[in-house]
Every structure is written in C-alpha cells, then in structure tokens.
Amino acid sequence: MTPRYKAVIYDCDGVILDSIESNYIFYNRIMAGLGRPPIDRLCQVSERVLHTYSYLDVMEHFFANDPQKDEAIAIGKTIRYKELMPYMRREDELVETLEQLRGRVELAVCTNRASSMEMIIEDFGLEGFFGCVMTAGKVANPKPHPEPLLKVLEHYGLAPHEALFVGDSAVDMQAAAAAGVPFIAYKSELEALAVIERHSQLLQHVF
C-alpha cells in the first residue's frame, strides 16, 4: 500500500519517551542546589513548561531577571543525562510501529531537547530508524517556531503537506501549524488531523 506521506516526524518527550519524571528530577536538582523548594507538581503551568519548552526557555521561565540565573544554568550543566535515564521509559508500540514505517517513509525526530537525543537513540534501542534528528541545539528558534520542522523538510526536500508530525503538546501543534505540516496528537486532546492513544494507530493514517 502506498503511503499518504513521504515522512513521519516525531517529537521526543511524551511521544518517543515518557520523561516527565526525569524532567522534574533534573530541574528540582537545580532548585535544591540554589537552596530553593522543589517545583510544585500540582502546578499545570510548570508541568507544561518542563514537558515542552527547550532547556533555555525553561530556565528563562523560572529564572527570568533572577540574580541566581547564571548559577542555576551552571548547576544544570553538572547534571548528566545518564543520571536521569532510569526515570525515562520508551513508549509502548513505538519500535514495532517504526519497523512498519522504516523503508516506506522517511523518519525524523524534531525535539526541543538540546543535546541528549543521540544518547537516547542509542540507549533506548532506536538506532537505524531516524535519518534526521533536529534538536533545539541545531536551530536559532526552537518549537513552537516552525524553524525545526522546516529544517527537517529541507533535509528531505519535501513540501509541508508531504510530511506528518506526531506530537503531544500545544508547542508541537503550533509548530506544525506554522510550518504547514499535518499534525497527529499523541495521547493529547489537541486540534489535529487525528488523536491517537497508541503508536500502532498511526499506521492507519499513514497508509
């Protein structure tokens, strides 16, 4: 069966990985290093920021005009990805779905992570799937700006309508809309071409 799209682009956090716990641990270590209380887990705004913003944007959210901002960033640089990996989990059915897609469409990642994506691909058994990995560290403007998605399209020489972007947040939805790329919402009731609860459900929208 001929695919409807030439590429499928994935967000990382909340789509490839369940990583919210690791994000809380990371930023709470920064707060502890500054002698501050942990981030309120009941605050929906904080949860959204931790889950969807790029690192520098998260720091700006919590430490804008704060005299300890530079110290907070310095503490963040001492925290290693390997310390956080045990608190991450690969989403169910992801690999099986990627195996169905590989060789039939191009596969890519478009994430607001800055520097850990290569390690994630290796540690979670995702080698050989993604021909393009676009991170916040490779662009001037991370999501929700369309630049990261547009760079993926440029990499493959595709028009926006020839790709599908799978994300879970308003940041992803806004980036897709701005880039003109059809959007699939994963485990999230966002305005989208479709909402899926399992990775395998993506196949019916691609083929």
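In the predicted model, the charged end of Arg41 sits over the ring of Tyr24, at 4.4 Å from the ring centre. A second arrangement of this kind involves Arg104, whose charged end is placed over the ring of Phe207, 4.1 Å from its centre.

Contacts between aromatic rings were examined next. A pair of aromatic rings is described by the distance of the centres and the angle of the planes. The count in this model comes to 5 aromatic pairs. One of them is formed by Tyr10 and Phe130, whose rings lie 6.1 Å apart from centre to centre with 70° between their planes; because an angle over 60 degrees counts as edge-to-face, the Tyr10 and Phe130 pair is assigned to that class. This pair links distant parts of the chain, since Tyr10 belongs to strand β1 (residues 7-10) while Phe130 is located in the loop between α7 (117-123) and β5 (132-134), 120 residues apart. Tyr10 has a relative accessible area of 0% and is therefore buried, and Phe130, with a relative accessible area of 13%, is likewise classed as buried, the threshold for that class being under 20%.

The rings of Phe165 and Phe183 also form an aromatic pair, with 6.1 Å from centre to centre and 50° between the planes, and this pair is tilted. It too links distant parts of the chain, with Phe165 in strand β6 (residues 163-167) and Phe183 in strand β7 (residues 183-186), 18 residues apart. Phe165 is buried, as its relative accessible area is 0%, and Phe183 is buried at a relative accessible area of 5%. In addition, Phe26, Tyr27 and Tyr55 come together in one aromatic cluster.

Phe26 also takes part in the packing of helices. Helix α1 (residues 20-33) packs against helix α4 (residues 69-78) at an angle of about 125°, and the axes of the two helices are 9 Å apart. This angle makes α1 oblique to α4, because roughly perpendicular arrangements are confined to 65 to 115 degrees and roughly antiparallel ones to angles over 145. The crossing of α1 and α4 is right-handed. On the α1 side the residues that meet α4 are Phe26, Arg29, Ile30 and Gly33, and their counterparts in α4 are Glu71, Ala72, Ile75 and Gly76. An α-helix has 3.6 residues a turn, so residues three or four places apart point the same way.

Asn28 is a further residue of helix α1. With a relative accessibility of 16%, Asn28 counts as buried, and, when residues up to four places away in sequence are not counted, Asn28 touches Pro38 and Ile39.

Burial was also considered for helix α2 and the loop that follows. In α2, the residues Ser46, Val49, Leu50 and Thr52 are buried, and the elements covering the buried residues of this helix include α1, α3 and α9 (170-179). Ser54 is found in the loop between α2 (44-52) and α3 (55-63). The relative accessibility of Ser54 is 4%, so Ser54 counts as buried. Once its neighbours within four places in sequence are left aside, Ser54 is in contact with Asn112, Ala136 and Pro142.

Notes. Residues are numbered from 1 along each chain as its sequence is written. This is a predicted model: local features need pLDDT of at least 70, side-chain atom pairs count only at pLDDT 80 or more; totals for chains, interfaces and linings use all residues. Side-chain values use heavy atoms; hydrogens and water are left out. Rings of Phe, Tyr and Trp (its six-membered ring) pair if their centres lie within 6.5 Å; planes under 30 degrees apart count as stacked, over 60 as edge-to-face and the rest as tilted. Helices (H or I, at least four residues) and strands (E, at least two) are DSSP runs, numbered from the N terminus. Buried means under 20% relative accessible area, exposed over 50%, partly exposed in between (1.4 Å probe, protein chains only). A charge sits over a ring if NZ of Lys or CZ of Arg is within 6 Å of the ring centre and within 35 degrees of the ring normal. Axes are lines fitted to C-alpha atoms, for helices over the stretch in contact, and angles run from 0 to 180 degrees between N-to-C directions. Angles under 35 degrees count as roughly parallel, over 145 as roughly antiparallel, 65 to 115 as roughly perpendicular and the rest as oblique. A crossing is left-handed if the near helix is turned anticlockwise from the far one by less than a right angle, and right-handed if clockwise. Contact means heavy atoms within 4.5 Å.
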